[in-house]
Amino acid sequence: MDRIEIAQCDSRAEGNDDPKKTEHLRTLNGAKERLHLFKANLVEEGAFDPVVDGCERVFHPASPVIMSTDDPQNALIEPAVKGTVNVLKSCAKVSSIKRVVATSSMATAIFNGKPLTPDVVADETWFSNLAFCEENKLWYVISKIFAEEAGWRFAKKNGIDLVTIHPGFVIGPLLQPTLSPSVEVFAHYINGAQIFPNDNCKFVDARDVANANIGAFELASASGRLCLVGIVVHYSEFLKIIHKHYPTLHIPEKCQDDKPFVPKYEVSKEKAKALGIDFIPLDVRVVDTIESLKEKGFLNV
């Protein structure tokens, strides 16, 4: 790639004046020569025109991640949907663009009310059920469903080659000086949490997500939706791994209820492996995440 252009974007058009959002990017190898930063408002049509002009490939990883809000329409749904469509509208104006890779989520596949049992393998043909999500007030999931649907609808109508990446719960070393939402949840369980959920977690490493984006960028054979989950484990297993490597950390030992642990299931790795993804083992991900949290001062130890 001759150049890398990044729009630091949110629904308020703030971004590259904040050193916490940009300084780690400016210090990357080659950034001085190849990195160009732009401001862009997710909900403003045309805001991405100067960003994508002259590009061949475009990544769209931005969408608000808010798990609790009193205003899901404005805080989550509108910026997620309009942001996706506005990026694609800008791309539709540029004849040199050959592919758009958008980051969606496993949330758009897994919340469909189907029983998740050890014989189940979720894959790219799965779609979350909107009525189920509305009933359970899963606003973040709903925002991702609407954004993905809008993206595919626009891409097909306008002949855009779109690939969507669907990662699970992303952990791994932090590139930025702030906590990502998923790593913040991770840190919660080693910073004083008293109980853990009776639930499974679909783990993937941030480095695997990056490699999947590159694979979807480079390989002509990449297409459609791409599930990206290295392993599904119960929270109790995840905490045992932490305790094995860091026995002095105070992690929760009690589950939120006395019911049998929910059964595990699988997520297909077939399409991910076709991109050359060799998922980083969970032990390595856990250790690297904790060491990164320690290095950046996010652990109460």
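**Notebook: a buried arginine and what surrounds it**

I began with Arg99, which counts as buried because its relative accessibility is 5%. This is a predicted model, so every value in these entries is computed from it. Next I looked for a charged partner: Arg99 forms a salt bridge with Asp161, and the closest N and O atoms are 3.0 Å apart. Arg99 sits in strand E4 and Asp161 in the loop between H7 and E6, so the bridge ties together parts 62 residues apart in sequence. I checked Asp161 too, and at 32% relative accessibility that residue counts as partly exposed.

**The sheet**

Since Arg99 is in E4, I pulled up the strands. I found an open sheet of four strands in the order E3-E4-E6-E10, with parallel pairing. The edge strands are E3 (57–60) and E10 (224–228), each of which pairs on one side only. On average, neighbouring strands here are turned by 20 degrees against each other, direction ignored.

I then went to the E3 edge. E3 and E4 (residues 99–103) run parallel and are joined by four bridges. On this stretch I noted His60 standing opposite Ala102 in E4. I also asked what lies across these strands: helix H4 (residues 72–92) lies across E3, E4 and strand E6 (162–167), and runs at about 170 degrees to E3.

**Ala222**

Which loop holds Ala222? I placed Ala222 between helix H9 (206–218) and E10. Ala222 counts as buried, because its relative accessibility is 8%. Leaving aside neighbours within four places in sequence, I listed its contacts as Arg99, Val163, Gly215, Ala216 and Leu275. So the arginine I started from turns up again in the contact list of Ala222. For a long-range check I took Lys20: Ala222 and Lys20 are 202 residues apart in sequence and 34 Å apart in space, C-alpha to C-alpha.

**H7 and the residue after it**

I went back to H7, the helix before the Asp161 loop. H7 (residues 139–158) has 20 residues and reaches 28 Å from first C-alpha to last, close to the 28 Å expected at 1.5 Å a residue. Just after H7, I noted that Gly159 takes a positive phi of about 65 degrees.

**More salt bridges**

I searched the whole structure and got 11 salt bridges. One of them joins Arg207 and Asp288, with the closest N and O atoms 2.9 Å apart. This pair links distant parts of the chain, as Arg207 is in helix H9 and Asp288 in helix H12, 81 residues apart. I have Arg207 as partly exposed, at 31% relative accessibility. Asp288 is also down as partly exposed, at 24%. I followed the connections and found Asp205, Arg207 and Asp288 linked in a network of salt bridges.

Still in H12, I noted that the side chains of Lys294 and Glu291 meet in a salt bridge (3.4 Å, N to O). The two are separated by about one helical turn, because they are three residues apart in the helix. Lys294 is partly exposed, with a relative accessible area of 41%, and Glu291 counts as partly exposed at 35% relative accessibility.

**H10, last entry**

Which residues of helix H10 (residues 235–245) are buried? My list reads Tyr235, Ser236, Phe238, Leu239, Ile241 and Ile242. Then I asked what covers them: the cover includes helix H8 (181–188), strand E8 (195–196), strand E9 (200–205), strand E11 (231–234) and helix H12 (282–295).

Conventions. Residues are numbered from 1 along each chain as its sequence is written. This is a predicted model: local features need pLDDT of at least 70, side-chain atom pairs count only at pLDDT 80 or more; totals for chains, interfaces and linings use all residues. Side-chain values use heavy atoms; hydrogens and water are left out. The expected span of a helix is 1.5 Å times one less than its number of residues. Buried means under 20% relative accessible area, exposed over 50%, partly exposed in between (1.4 Å probe, protein chains only). Contact means heavy atoms within 4.5 Å. Two strands pair if DSSP finds at least two bridges between them. Axes are lines fitted to C-alpha atoms, for helices over the stretch in contact, and angles run from 0 to 180 degrees between N-to-C directions. A salt bridge is a side-chain nitrogen of Lys or Arg within 4 Å of a carboxyl oxygen of Asp or Glu.
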